[in-house]
Amino acid sequence: MSYLESLYPTRLNLAHTPTPLQPLRRFGEKLGLELYVKRDDLTGAELSGNKVRKLEFVMAEALEQGADTVLTCGGAQSNHCRATAVAAAKLGLHCRLILRTGDPASPPPLEANSLLDRLAGAEIVWISPAEYRNRAEVFPREAEAVKRAGGRPYIIPEGASNALGAWGYIRAMDELAADLAASGGPSNEPATILYAAGSGGTGAGLILGQKLLGIKGRLVGINVCDDREYFVKAIGEICEQAIARFHLDVSFDRERDVEIIDGYVGRGYAESRPEELELIRDVARTEGLFLDPVYTGKAFFGMTRELQRDPGRFGRRVVFLHTGGLFGLFPKTAELVQLL
Ligand SMILES: *Cc1c(COP(=O)(O)O)cnc(C)c1O
């Protein structure tokens, strides 16, 4: 870890790491693979999932800058917002969340992640999808409101997906390389790592980590919203910004280095199809592993569909990155009970 660690920006200790790398034997056999899951859903209980790794770096900067209030944004059931609310409470900071909902005049009832947001003391500002698209304007407005009330705001972008947050997954890649070396699986082939892409920071960190560490193998993102073109650009920009800001000595090319498999958004962001929920049920029953409906369930579904078409698609050795999102199952109760 030492070479990379000398490059790390300041980091807080918020995540329980290293997370385990576990074999998924029964599912792997079914798919004809040496299949592993990297359990980043286990970075914590309330402060859990992939966002915690990014927040370790981003929250450190907020503290360094003397902020007393963090602002961030996401969907009504954002895992990132929940993780930020909990991290803020742990650090004694205020938290203001800008959450997207169809009609801000009648926001959805608090449940699952949004309930935890409020339990942890975060303030919620509801905005419409149209306002959300202009969030670059909403952030300064909300930051101004914090300042007028005597506070010192720090803005965290959607998903903590920026150059600084990417360090969370550079560090995770370092961890994963050690996990794979120790896994002792039958093949020593480089692994293909599959992950769900939502705001791009995880993918950007993995790509940069792979380059910085000289790790072989493919990194494949499965997008859960927007399309391939969007993610090549979004992940590409984060990589380029991190390379510039931290003077990283790596060569990067968006089209060459960002691999995204499109086609699994389904009904839309955070909307589920029965076949996705059925797969979540089946993985829970055969492996005791809970995927989430918004991200990992769709990415895992995409992985299995791609393998049905072409069993050799990802090589013999695959790591599925479990990025968390457990609480997202609860708003799907009505749809899930029909499948039990
Ligand atoms: C946010 C999130 C992702 C996507 O990660 P990005 O870095 O935003 O691309 C994947 N899985 C879960 C559970 C998430 O909450």
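Q: What makes the pair formed by a nitrogen atom of the ligand and the side chain of T323 a polar contact?
A: This is a predicted model. In this model, the nitrogen atom of the ligand is 2.6 Å from an N or O atom in the side chain of T323. A polar contact is a pair of N or O atoms within 3.5 Å, so this pair counts as one.

Q: How much of the ligand's accessible area does the protein cover?
A: On its own the ligand has 380 Å² of accessible area, and the protein covers 98% of that.

Q: Which backbone atoms lie 2.8 Å from an oxygen atom of the ligand?
A: A polar backbone atom of G198 is 2.8 Å from an oxygen atom of the ligand. A polar backbone atom of G200 is also 2.8 Å from an oxygen atom of the ligand.

Q: Which of the 16 residues around the ligand come nearest?
A: They are K51, K54, S199, T202 and T323.

Q: Why is E142 called buried?
A: Its relative accessibility is 8%. Buried means under 20%, so E142 counts as buried. E142 has its place in helix α7, residues 135–148.

Q: What is E142 in contact with, leaving aside its neighbours within four places in sequence?
A: E142 is in contact with L71, R96, I98 and V125. Contact means heavy atoms within 4.5 Å.

Q: Why is strand β5 described as largely enclosed by the rest of the structure?
A: Strand β5 covers residues 123–127, and 4 of its 5 residues are buried, so the description applies.

Q: How do you know that β4 and β5 pair?
A: Two strands pair if there are at least two bridges between them, and β4 (residues 94–100) has 5 bridges with β5, so they pair. The sense is parallel. In one of these strands, β5, the bridge partner of L99 is W126.

Q: What makes β7 and β10 a pair?
A: Strand β7 (residues 192–197) and strand β10 (residues 317–322) have 3 bridges, and at least two are needed, so they count as a pair. They run in the parallel sense. The bridge partner of I193 in β10 is V319.

Q: In what order do the strands of the open sheet of 6 strands stand?
A: The order is β1-β2-β10-β7-β8-β9, and the pairing is mixed.

Q: Why is one side of β1 and of β9 left without a neighbour in the sheet?
A: β1 (21–23) and β9 (260–261) stand at the edges and each has a single partner strand, so one side of each has no neighbour in the sheet.

Q: Which strands does helix α13 lie across?
A: Helix α13 (residues 296–309) lies across β2, β7, β8, β9 and β10, and runs at about 160° to β10.

Key. Residues numbered from 1 in each chain as written. Predicted model: local features only at pLDDT ≥ 70, side-chain atom pairs only at ≥ 80, totals over all residues. Heavy atoms only, no water. Helix = DSSP H or I, 4+ residues; strand = E, 2+ residues; numbered from the N terminus. Axes fitted to C-alpha atoms, helices over the stretch in contact; angles between N-to-C directions. Near = heavy atom within 4 Å. Polar contact = N/O pair within 3.5 Å; in protein donor to acceptor, adjacent residues only side chain to side chain. Areas by Shrake-Rupley, 256 points an atom, 1.4 Å probe, with all protein chains shown as cover. Buried < 20%, exposed > 50% of the residue type's maximum accessible area, 1.4 Å probe, protein only.
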